[in-house]
Each structure stands twice: as structure tokens, then as C-alpha cells.
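This report describes one protein model from its strands to its largest pocket. The sequence and structure come first.

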Amino acid sequence: MNEEVKELTCICCPLGCQISVTMKGGEILSVTGNTCPRGDAYARKELTAPTRIVTSSVKVEGGTVVSVKTASDIPKDKIFDIVRELKTVTVKKPVYIGDTVLKNVAGTGVDIVATSEVAS
């Protein structure tokens, strides 16, 4: 197997380091270009088990919506499952920032929480 180089831009801080990851057979051989340990960790995770925070909105009884997000990052391949599940959710007023809107979304073990408020 030949070595392969993947290029990434780190998103851990405003520096946006240009990171090069050398891989062979799915194994990471080296990570270069990062200016801090977070860049190394980001690159390794992004290429082996990518995750994301999902932001969206859900319906609130009475015809409005409330913004929501996952309480922590989820596997990237679960994004569409989560969005589909959120389309079925309607919450009751009042809704406060940090309220759990949906537990264990799409079987990820991660909750969906409100990021804005809707008064009664």
C-alpha cells in the first residue's frame, strides 16, 4: 500500500492551521502543520471517527419554533438521522435555554437542548 497525504484545516481555534496527515492503509503515520496539541487530536479524530455538533430548530405548540443543538458532538454519519427525528418533535411552552428537548437522539446517547427561549 502506498502512503497517502490528507490535507485539513484545523477548526479548533481561529488560527486555522493547515494540517497534513500521512496515512497508510487507514493508519495515521504522522500529523504535521499543527501549532498545538489540539490540532493533532482534531486531525486524528476527523480522519478516523469524525463528529459534529448539530444545530437546528423544532416546532413549539402555537406555531413558532425554538433553536436547538446537540448537547455534545455526535458521529458525523448520524446527522441525517437526527434531522429526520427533529422534524417529528413539537415542544410545549415555555422553553428555556438549556432545556432538554429530546433525549438520546437517534440512539446516540446525546440529548438535544434548546439554545433560545420561547415564553408562554
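Helices (H or I, at least four residues) and strands (E, at least two) are DSSP runs, numbered from the N terminus. The model is predicted: local features need pLDDT of at least 70 and side-chain atom pairs count only at pLDDT 80 or more, while totals for chains, interfaces and linings use all residues. Residues are numbered from 1 along each chain as its sequence is written, and side-chain values use heavy atoms, with hydrogens and water left out.

**N-terminal strands**

Two strands pair if DSSP finds at least two bridges between them. On that basis β1 and β2 are antiparallel partners over 6 bridges, and Lys 6 has Val 21 in β2 as its bridge partner. Strand β2 (residues 18–24) also runs antiparallel to strand β3 (residues 27–32), to which 5 bridges join it. Across this second pairing, Met 23 has Ile 28 as its bridge partner, and Ser 20 stands opposite Thr 32. The hairpin of β2 and β3 has 2 residues between the strands, and Gly 25 takes a positive phi near 60° there.

Burial is given by relative accessible area, where buried means under 20%, exposed over 50% and partly exposed in between (1.4 Å probe, protein chains only). In β2, 5 of the 7 residues are buried, so the strand is largely enclosed by the rest of the structure. Thr 22 lies in this strand and is buried, with a relative accessible area of 16%. Contact means heavy atoms within 4.5 Å. Leaving aside neighbours within four places in sequence, Thr 22 is in contact with residues including Glu 3, Glu 4, Val 5 and Ile 28.

Met 1 is found in the segment before β1 (4–9) and is exposed, at 77% relative accessible area. Leaving aside neighbours within four places in sequence, Met 1 is in contact with Lys 24 and Gly 25. The C-alpha atoms of Met 1 and Lys 24 are separated by 6.6 Å, although the two residues are 23 residues apart along the chain.

**The five-stranded sheet and the cores**

An open sheet of 5 strands has the order β8-β5-β6-β10-β9, with mixed pairing. β8 (90–91) and β9 (100–102) stand at the edges with a single partner strand each, so one side of each is left without a neighbour in the sheet. Strand β5 (residues 55–60) pairs with strand β6 (residues 64–70) in the antiparallel sense over 6 bridges. Within this pairing, Val 60 has Thr 64 as its bridge partner in β6.

A nonpolar core is a set of buried Ala, Val, Leu, Ile, Met, Phe, Trp, Tyr and Cys residues joined through side-chain atoms within 4.5 Å. The largest such core has 19 residues, of which Val 58, Val 66, Ile 82, Val 91, Val 101 and Ile 112 touch the most other members. At least two residues of this core are supplied by each of β5, β6, α2 (79–86), β9 and β10 (112–114). Apart from it lies another core, of 10 residues, among them Cys 17, Ile 19, Ile 28 and Ala 43.

**Backbone in the loops**

Most residues other than glycine have a negative phi, and most peptide bonds are trans. The peptide bond from Lys 93 to Pro 94 is cis, with omega near -10°, and Pro 94 is found in the loop between β8 and β9. Two residues with positive phi that are not glycine are listed below.

| Residue | Phi | Place | Relative accessibility |
|---|---|---|---|
| Asn 104 | about 45° | loop between β9 and β10 | 39%, partly exposed |
| Ala 106 | about 50° | loop between β9 and β10 | 15%, buried |

**The largest pocket**

On a 1 Å grid over the protein atoms alone, a pocket is an open set of points where a 1.4 Å probe fits, with protein on both sides within 12 Å along at least five of seven lines; lining residues have an atom within 4 Å of a point. Grid points are joined across faces, edges and corners, and a volume is the space filled by probe spheres set on the points. The largest pocket has a volume of about 200 Å³. Its lining consists of Ile 11, Cys 12, Tyr 42, Lys 45, Glu 46, Pro 50, Thr 51, Arg 52, Ile 53 and Asp 73. α1 (37–48) and β4 (51–52) each supply at least two residues of this lining, and the largest share, 3 residues, comes from α1.

For residue classes, Ala, Val, Leu, Ile, Met, Phe, Trp, Tyr, Cys and Pro count as nonpolar, Asp, Glu, Lys and Arg as charged, and the others, Gly among them, as polar. By class, the lining of the largest pocket has 5 nonpolar, 1 polar and 4 charged residues.
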